[in-house]
Amino acid sequence: MPTDRPDHARELARTREFFAPRAADWETRFPDDGPRYAAAVAELALRPGQIVLDAGCGTGRALPALRDAVGARGTVLGLDLTPEMVRQAAALGRGAVAGLAAADCGRLPLRDGVLDAVFAAGLISHLPQPQGALADLARATRPGGRLALFHPVGRAALAARHGRALTPDDLRAEPNLRPLLAGSGWRLTHYADLDDRFLALAERT
Ligand SMILES: C[S@@+](CC[C@H](N)C(=O)[O-])C[C@H]1O[C@@H](n2cnc3c(N)ncnc32)[C@H](O)[C@@H]1O
């Protein structure tokens with residue numbers, strides 16, 4: 001269910017402008033987060049041979065763990081709106097473990113029901129139309145497939161890092177996230193908002 005609002009393209013352009021200059025040193029900012037990504041990938045319980053998308057993959061930090069989880073027979077895709085992020089992922093060698101492409105996860109270049117799982121780290125708060133993007137991710141995922149919305153720190157720690165207060169309208173607060181997911185083809189099955197991890201797991205309905 002991609003959005004066609006007239007200002008949608010402008011909002012995506014602003015997102016690209018924000019992330020493009022951050023691509024080159026993205027992974028040097030928080031170099032110790034790797035084990036947290038691997039632990040979050042493990043929660044997706046992927047099986048060898050499965051097909052998984054890293055939506056908003058950035059420089060592809062999660063891609064090696066996703067490849068380990070699905071094995072050589074599986075398929076790992078890393079898509080990101082910002083071409084500079086995708087180029088940096090390639091420069092870091094992530095193209096050896098995943099197919100990489102620049103794409104909007106609200107308009108996925110994927111057939112219906114082709115994915116077994118979606119991993120999305122740090123993505124949803126950057127989406128101008130989260131419901132439309134989550135619905136397109138659901139469209140591309142088979143019934144029973146899984147979604148992980150992850151961040152390597154919890155909501156309160158992230159707000160403090162950015163010098164802002166948490167507000168009740170925060171998209172990732174459980175009372176907001178549960179209906180957002182339900183309205184876009186997902187059922188929330190697990191929710192953890194801790195100092196050192198935000199992880200919401202959902203199943204394609
Ligand atoms: C906070 S970064 C996280 C990157 C990576 N997942 C990580 O954890 O290191 C958010 C990423 O989402 C991407 N992004 C934002 N909106 C997007 C969209 N509509 N479709 C695909 N990627 C998007 C940005 O370009 C950026 O690379």
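Which of the 21 residues around the ligand come nearest? In this predicted model, the answer is Y37, G56, D80, T82 and C105. Let's begin with that ligand and work outward from there.

Some side chains pair up with the ligand through polar atoms. D80, already named among the nearest residues, has a side-chain N or O atom 2.6 Å from an oxygen atom of the ligand. R61 does something similar, with an N or O atom of its side chain 3.0 Å from a ligand oxygen. With D104, the partner on the ligand is a nitrogen atom, and a polar side-chain atom of D104 lies 2.9 Å from it. How much of the ligand does the protein cover? On its own the ligand has 600 Å² of accessible area, and the protein covers 97% of that.

C105 is a handy stepping stone from the ligand into the protein's interior. It sits among the residues nearest the ligand, and it also touches L137. The other residues that L137 touches, leaving aside those up to four places away in sequence, are L53, A55, L108, V118 and W186.

L137 in turn leads us to the largest nonpolar core, a set of 28 residues. Together with L149 and L181, L137 has the most contacts inside that core. Plenty of elements chip in: β1 (51-55), β4 (115-121), α6 (130-139), β5 (141-151), α8 (174-182), β6 (186-194) and β7 (197-204) each give two or more residues. The biggest giver is α6, with four residues. There is also a second, separate core, made of 20 residues, and V52, A98, F119 and L201 are among them.

Now back to C105, this time with an eye on its sulfur. How many disulfides does the structure hold? Zero. Take C57: its closest cysteine sulfur is the one in C105, and the two are not bonded because 11 Å is too far for a bond. Seen from the other side, C105 is in no disulfide either, and its nearest cysteine sulfur is that of C57. Both cysteines are tucked away from the surface: C57 counts as buried at 8% relative accessibility, and C105 is buried too, with a relative accessible area of 6%.

One last stop is a backbone oddity. A45 is found in the loop between α3 (34-43) and β1. Although A45 is not a glycine, it has a positive phi of about 50°. Is A45 buried or exposed? Neither quite fits: A45 is partly exposed, with a relative accessible area of 48%.

Terms used. Residues numbered from 1 in each chain as written. Predicted model: local features only at pLDDT ≥ 70, side-chain atom pairs only at ≥ 80, totals over all residues. Heavy atoms only, no water. Core = buried A, V, L, I, M, F, W, Y, C linked by side-chain atoms within 4.5 Å. Buried < 20%, exposed > 50% of the residue type's maximum accessible area, 1.4 Å probe, protein only. Contact = heavy atoms within 4.5 Å. Near = heavy atom within 4 Å. Polar contact = N/O pair within 3.5 Å; in protein donor to acceptor, adjacent residues only side chain to side chain. Areas by Shrake-Rupley, 256 points an atom, 1.4 Å probe, with all protein chains shown as cover. Disulfide = S-S within 2.5 Å.
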